[in-house]
Amino acid sequence: MDKNTLLQVWPIPAFDDNYIWCIHDGSSALVVDPGDAVPTLAYLRANNLTLKGILITHHHADHTGGILQILQNLGIDIPVYGPVGDDIPGRTVAVMQDDKVEIPSPRMSLKVFEVPGHTLSHIAYFANMQANVVEPMLFCGDTLFASGCGRLFEGTPTQMSESLGKFAALPKNTLVYCTHEYTLSNIRFALAVEPNNLNLLSWADQAKSLREQGLPTLPTTIGQELQVNPFMRCDQAEVIAMAKEISGQAELPTPAHVLAVIRAWKDRF
Ligand code: ZN
Ligand code: FE
């Protein structure tokens with residue numbers, strides 16, 4: 001395979017609403033967060049792909065449950081990358097903030113971000129432009145979703161706010177590969193927060209039409225999320241005003257305070 005063959009990224013649907021992302025160059029593949037071995041193995045076979053590595057973002061079973069079965073079934077010894085703070089079955093390489101994951105085939109260089117919030121040890125993988133990558137890509141697990149963010153199972157609103165801040169600093173054209181298809185319900189909530197956000201209103205129509213055609217609403221982009229995602233917009237006047245109204249608090253001094261209010265509201269929405 002020509003080393004400059006463009007990488008492709010495809011979703012493997014799993015469970016009710018998970019996406020296991022498969023990155024490949026036409027022959028060698030990586031998978032991100034394979035919660036279920038069965039659809040992953042079927043996809044690799046159907047597309048004649050050889051699995052060369054597994055990337056894990058956090059310890060939840062819907063992201064890790066297929067690892068051992070995939071390794072056993074393929075009978076191969078491949079690297080399994082995962083966050084240093086978690087106990088990940090089959091992990092061979094523990095990674096942390098600013099680590100570089102260098103994969104020879106498919107040729108890829110990924111930077112690791114620690115993004116606590118959904119879980120304490122949650123990480124994301126970022127690939128910036130390289131010969132075979134036209135637009136930067138981010139594999140963010142359950143930290144950021146299209147028009148939403150992950151539930152705070154282990155971390156604090158301040159941690160999630162800082163984690164989303166790391167993503168906000170990435171190039172706007174970064175393709176964001178989230179691990180769940182939660183977009184339509186996230187949009188319903190986002191519209192409650194910002195009923196007058198015109199970008200959000202037009203995205204709502206687009207996303208609805210994609211789902212009606214059975215298509216994923218992902219990947220999204222950082223630029224898009226900065227326009228429509230209330231959790232990435234906790235510094236915007238309309239979001240702050242709504243958070244004050246909902247919480248009855250006169251002052252919400254930082255974006256993390258705003259995020260705390262709207263995340264708690266989303267949990268009961
Ligand atoms: Zn999770
Ligand atoms: Fe999940």
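Which residues does Ile 240 touch, not counting residues up to four places away in sequence? In this predicted model, the residues in contact with Ile 240 are Cys 234, Asp 235, Leu 252 and Val 258. Ile 240 itself belongs to helix H8, which covers residues 237–247. Its relative accessibility is 22%, and because buried means under 20%, Ile 240 counts as partly exposed. Thr 254 lies 14 residues from Ile 240 in sequence, with a C-alpha to C-alpha separation of 9.4 Å.

**Metal site**

The zinc ion (ligand 1) takes its protein donors from three histidines and one aspartate: His 58, His 60, His 118 and Asp 142. The donor atoms lie 2.2 to 2.3 Å from the zinc ion.

| Donor residue | Donor atom | Range of distances to zinc, all four donors |
|---|---|---|
| His 58 | NE2 | 2.2 to 2.3 Å |
| His 60 | ND1 | 2.2 to 2.3 Å |
| His 118 | NE2 | 2.2 to 2.3 Å |
| Asp 142 | OD | 2.2 to 2.3 Å |

Around the zinc ion, the four donor atoms subtend angles of 87 to 171°, so the arrangement is irregular. The spacing of the donor residues along the sequence is H-x1-H-x57-H-x23-D. Asp 142 also bridges the zinc ion (ligand 1) to the iron ion (ligand 2), and the two ions are 3.2 Å apart. The pair His 118 and Asp 142 links distant parts of the chain, 24 residues apart. His 118 sits in the loop between strand S8 (107–114) and strand S9 (123–127), whereas Asp 142 sits in the loop between strand S10 (137–141) and strand S11 (144–145). Both His 118 and Asp 142 are buried.

**Helix H6**

Helix H6 runs over residues 198–212, 15 residues in total. From first to last C-alpha it reaches 21 Å, close to the 21 Å expected at 1.5 Å a residue. Which residues of H6 are buried? They are Leu 200, Trp 203, Ala 204 and Ala 207. These residues cover an arc of only 115° around the axis, and therefore lie on the same side of H6. Helix H5 (183–193) and helix H7 (222–228) are what the buried residues of H6 pack against. On the face of H6 turned away from the buried side are the exposed residues Leu 198, Asp 205 and Glu 212.

Both ends of the helix have a local feature to note. At the start of H6, the backbone nitrogen of Asn 199 has a side-chain oxygen of Asn 197 within 3.0 Å. Just after H6, Gly 214 adopts a positive phi of about 75°.

Conventions. Residues numbered from 1 in each chain as written. Chains lettered and ligands numbered in written order. Predicted model: local features only at pLDDT ≥ 70, side-chain atom pairs only at ≥ 80, totals over all residues. Heavy atoms only, no water. Donors = N, O, S within 2.8 Å, 3.2 Å for Na, K, Ca; no water. Tetrahedral: all angles 85-135°; square planar, octahedral: opposite > 155°, others 65-115°. Helix = DSSP H or I, 4+ residues; strand = E, 2+ residues; numbered from the N terminus. Buried < 20%, exposed > 50% of the residue type's maximum accessible area, 1.4 Å probe, protein only. Expected span 1.5 Å × (residues − 1). Arc of directions from axis to C-beta. Contact = heavy atoms within 4.5 Å. Polar contact = N/O pair within 3.5 Å; in protein donor to acceptor, adjacent residues only side chain to side chain.
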